[in-house]
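Colleague: Got a minute to go through this one with me? I'd like to hear the reasoning behind the labels.

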Amino acid sequence: MKKIIFSVAFALLPLLSWGQQVPALDQLKADPRKSYGTDYPYLLETPTLTKAPKGYKPFYISHYARHGSRYYWSTSLYKELDTLLTVAHDKQLLTATGEAFRTKFMAAKQELMTGVTELTDLGWQQHQGIARIMYNNFPEVFEKGGNVLAISSLVGRCVISMSAFCQELVQCNPKLEIREQSSRFTLDGVVPTDGQNPVKHNYPKDLKPRYEQHRDLFKGINVLRDNIVKRMFVSTEGLPGRMHHNVSNLINLYTSLPSINHEGMMEGILTDEEYAAEWENDNLGVFSWVYSSQYQMIPILQDIMKKAQAAIDGTSDRVADLRFGHDTCIGPLTVLMGINGADRDPEDPNEVKNCYQSWETCKASNIQLVFYRNNQADVLVKCLMNGREATLPVPTATYPYYKWTDFLQFYTERCNQKF
């Protein structure tokens with residue numbers, strides 16, 4: 001439970017309604033670890049949700065989630081740091097702070113190398129918590145039991161995340177019948193870009209956001225890397241690799257530590273507050289890559305709409321469709337759907353932080369579309385981004401609720417646009 005407590009320790013931001021958003025830099029002041037961006041461990045919280053219009057009750061949920069917290073995704077990080085620290089130690093080029101870090105790293109090295117890419121205990125707990133919050137927020141969807149389909153990427157950490165989520169739902173209500181599937185047959189609905197997907201698409205990729213043409217308008221702070229080098233090394237003479245790459249490895253290790261239960265390993269080398277001071281520059285880079293492949297996520301959005309329509313018209317008896325994939329999918333999907341203005345594509349790089357924040361694509365990040373209907377079979381849909389009510393670019397007079405017919409028309413046109 002210690003790891004769960006970490007996840008909720010920073011849940012201090014005011015609960016907002018009607019699409020208001022706390023300014024990004026204010027969020028960083030309240031929780032500097034949000035600067036970890038896509039490495040940020042999911043914040044389990046239960047914000048107050050807007051009551052549905054009179055007569056409407058939830059009956060179906062469509063969901064997409066990234067896997068939970070994991071070890072670093074590549075062995076190269078650990079191997080390169082092992083080599084760097086070994087050479088620096090042998091040449092007596094480490095400061096006292098650097099030596100202290102090397103000792104801790106070497107003690108954990110075997111675990112890190114063994115665990116590379118795998119889900120951690122925290123990742124499992126994140127999806128358990130999200131599932132229980134979903135169940136408690138929308139009990140009408142699940143209280144009578146019913147069928148649920150969960151599909152996953154072929155990658156183990158996504159499969160285990162799916163298992164954690166589904167097990168928790170069944171514990172909430174044993175009458176639920178959940179089928180879990182990790183298969184090439186369902187890749188189009190969860191990771192359409194997977195090379196094993198038998199369905200091939202030709203949607204545009206490598207798109208460039210407009211701010212990149214005006215990158216010189218952004219004047220960020222760039223002192224952290226120099227400070228890390230000074231704190232780590234007496235001298236960098238004779239060390240292997242490019243120092244810029246070495247420092248990137250150190251930063252990537254640092255932001256992964258809360259996910260793998262090794263906080264404190266890099267004490268004295270950098271702080272959350274220092275890293276947060278340079279977050280905006282990093283956020284620009286993350287926005288570029290989530291923006292670039294947004295149209296490649298059209299099959300996921302089409303899968304969402306197709307399955308939702310089937311639940312609405314009764315050709316499907318499922319009460320929920322769940323999907324478990326990667327940041328490389330949910331990040332671009334967030335832009336494609338324009339959640340909280342992520343599709344705005346500003347020209348001024350200083351405005352990017354106001355439409356997209358990298359921590360929205362954090363570990364275990366998730367999109368929930370909750371469907372409601374009344375006795376006249378009129379259907380509304382609400383979007384939650386990481387558990388909070390989110391805006392969509394669909395016209396509505398009843399935010400956070402959108403008419404399903406308007407939602408369907410808007411996103412069908414967006415998926416069918418001529419490229």
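What follows is a short back-and-forth about cysteines and a helix pair.

Modeller: Ground rules up front: this is a predicted model, where local features need pLDDT of at least 70, side-chain atom pairs count only at pLDDT 80 or more, and totals for chains, interfaces and linings use all residues. Residues are numbered from 1 along each chain as its sequence is written, and side-chain values use heavy atoms, with hydrogens and water left out.

Colleague: How do you know that Cys 158 has no bond to Cys 329?

Modeller: A disulfide needs two cysteine sulfur atoms within 2.5 Å. The closest cysteine sulfur to that of Cys 158 sits in Cys 329, 8.6 Å off, so that's too far for a bond. The disulfide count is zero.

Colleague: And what makes Cys 158 buried?

Modeller: Buried is under 20% relative accessible area, exposed is over 50%, and partly exposed is in between (1.4 Å probe, protein chains only). Cys 158 comes out at 0%, so it counts as buried. Cys 329 is buried too, with 0%.

Colleague: Why is α12 called roughly antiparallel to α14?

Modeller: Helix α12 (residues 298-313) and helix α14 (residues 404-416) pack at about 150 degrees, axes 10 Å apart. Over 145 degrees counts as roughly antiparallel, under 35 as roughly parallel, 65 to 115 as roughly perpendicular and the rest as oblique. That is why α12 gets the roughly antiparallel label against α14.

Colleague: Which residues make the contact?

Modeller: Taking contact as heavy atoms within 4.5 Å, they include Leu 301 and Met 305 of α12, and Phe 407 and Tyr 411 of α14.

How values were computed: Axes are lines fitted to C-alpha atoms, for helices over the stretch in contact, and angles run from 0 to 180 degrees between N-to-C directions. Helices (H or I, at least four residues) and strands (E, at least two) are DSSP runs, numbered from the N terminus.
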